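Please look over the structure shown here before reading on. The report that follows is meant for a reader who has not met this chain before.

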Amino acid sequence: MIGTVTSYLTDRNYGFIKGEDGKDYFFHGSSFKDKKDINKLCEDLILEFEQKATSKGYSAINISLLDNNITLKYNVPDTVYVSRKDEIKSWEVIEESDWIITGTSSESSHSAKEDLINKANLIGANAIFYTN
């Protein structure tokens with residue numbers, strides 16, 4: 001069967017696939033034929049798998065990538081937005097982190113902000129909330 005990844009929780013090593021039959025299939029990272037494929041998982045990735053009915057629902061087993069020539073890219077944001085609030089108007093926060101970044105410049109508040117933005121760029125962040 002063919003399906004697309006609808007979610008994958010890396011910290012739990014499991015996720016869900018929407019099969020071409022419209023059903024949702026649970027999967028665990030251990031169900032991949034090639035364990036290296038786990039590093040390529042992302043939403044909307046197309047997979048091939050075998051179906052298995054369990055007492056808890058449907059599961060995907062013997063999973064493999066439909067296209068093994070996938071090139072993953074990470075785009076570093078070109079702008080970092082800074083807000084004193086916990087949101088930026090018309091933005092949806094998709095993923096939060098528990099990182100705390102501090103600016104070290106004491107010359108001025110402007111140079112401290114620039115230092116903070118440079119450090120955020122280093123870790124690939126595109127927004128900073130709760131700034132003081």
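The text below moves from the overall layout to the strands, the helix, the two cores and a few single residues.

**Overall layout**

This is a predicted model, and its protein chain holds 1 helix and 7 strands. Read from the N terminus on, the elements follow the order β-β-β-β-β-β-α-β. Of the 132 residues in the protein chain, 27% are buried. About 9900 Å² of the protein chain is exposed, and carbon and sulfur atoms supply 47% of that area. When contacts between residues at least 6 apart in sequence are considered, 52% of them join residues at least 24 apart.

**Strand pairing**

Strand 4 (46–54) takes part in two of the pairings described here, one with strand 1 and one with strand 5. Strand 1 and strand 4 run antiparallel and are joined by 3 bridges, and within this pairing Thr4 stands opposite Ile46 of strand 4. Strand 4 and strand 5 also pair in the antiparallel sense, over 7 bridges, and here Glu48 has Ser64 in strand 5 as its bridge partner. The connection from strand 4 to strand 5 is a hairpin that passes through 2 residues.

Lys56 lies in the loop between strand 4 and strand 5. What is the relative accessible area of Lys56? The value is 84%, so Lys56 counts as exposed, the cut-off for that word being over 50%. Although Lys56 and Phe26 are 30 residues apart along the chain, their C-alpha atoms are separated by 9.5 Å.

**The largest nonpolar core**

In soluble globular proteins, nonpolar side chains tend to be buried together. In this model the largest nonpolar core has 14 residues, and those with the most contacts inside it are Ile17, Phe27, Phe32, Leu41, Leu47, Ala60 and Ile63. Two or more residues of this core come from each of strand 1 (2–9), strand 3 (24–28), strand 4 (46–54) and strand 5 (57–65). Strand 5 gives the largest share, with 3 residues.

Ile63 shows how such a residue is surrounded: leaving aside residues up to four places away in sequence, Ile63 touches Ile17, Phe27, Ser31, Phe32, Lys33, Leu47, Glu48 and Phe49. Among these neighbours, Ile17, Phe27, Phe32 and Leu47 also belong to the residues with the most contacts inside the core.

**The helix and the second core**

A second core, separate from the one just described, has 6 residues, including Val80, Ile117, Ala125 and Ile128. Ile117 is also one of the buried residues of helix 1, together with Ser111, Asp115, Leu116 and Ala120. These buried residues of helix 1 pack against strand 6 (81–82) and strand 7.

Helix 1 covers residues 109–122, and its 14 residues should span 20 Å at 1.5 Å a residue; the C-alpha atoms at its ends are 20 Å apart, so the expected and modelled spans agree. Just after helix 1, Gly124 adopts a positive phi of about 85°.

Ile128 belongs to strand 7 (residues 127–128). Is Ile128 buried or exposed? Its relative accessible area is 11%, so Ile128 is buried, since that word applies under 20%. Not counting residues up to four places away in sequence, Ile128 touches Val80, Tyr81, Val82, Ser83, Leu116, Ile117 and Ala120. The C-alpha atoms of Ile128 and Val82 are separated by 4.8 Å, while the two residues are 46 residues apart along the chain.

**Two residues with positive phi**

Most residues other than glycine have a negative phi. Asn13, found in the loop between strand 1 and strand 2 (14–19), has a positive phi near 60°. Asn62, placed in strand 5, likewise has a positive phi, of about 50°, although it is not a glycine. The table sets out the accessibility of both residues.

| Residue | Relative accessible area | Class |
|---|---|---|
| Asn13 | 23% | partly exposed |
| Asn62 | 34% | partly exposed |

Methods
Residues are numbered from 1 along each chain as its sequence is written. This is a predicted model: local features need pLDDT of at least 70, side-chain atom pairs count only at pLDDT 80 or more; totals for chains, interfaces and linings use all residues. Side-chain values use heavy atoms; hydrogens and water are left out. A nonpolar core is a set of buried Ala, Val, Leu, Ile, Met, Phe, Trp, Tyr and Cys residues joined through side-chain atoms within 4.5 Å. Buried means under 20% relative accessible area, exposed over 50%, partly exposed in between (1.4 Å probe, protein chains only). Helices (H or I, at least four residues) and strands (E, at least two) are DSSP runs, numbered from the N terminus. Contact means heavy atoms within 4.5 Å. Accessible areas come from the Shrake-Rupley method with a 1.4 Å probe; for residues, only the protein chains shown count as cover. Two strands pair if DSSP finds at least two bridges between them. The expected span of a helix is 1.5 Å times one less than its number of residues.
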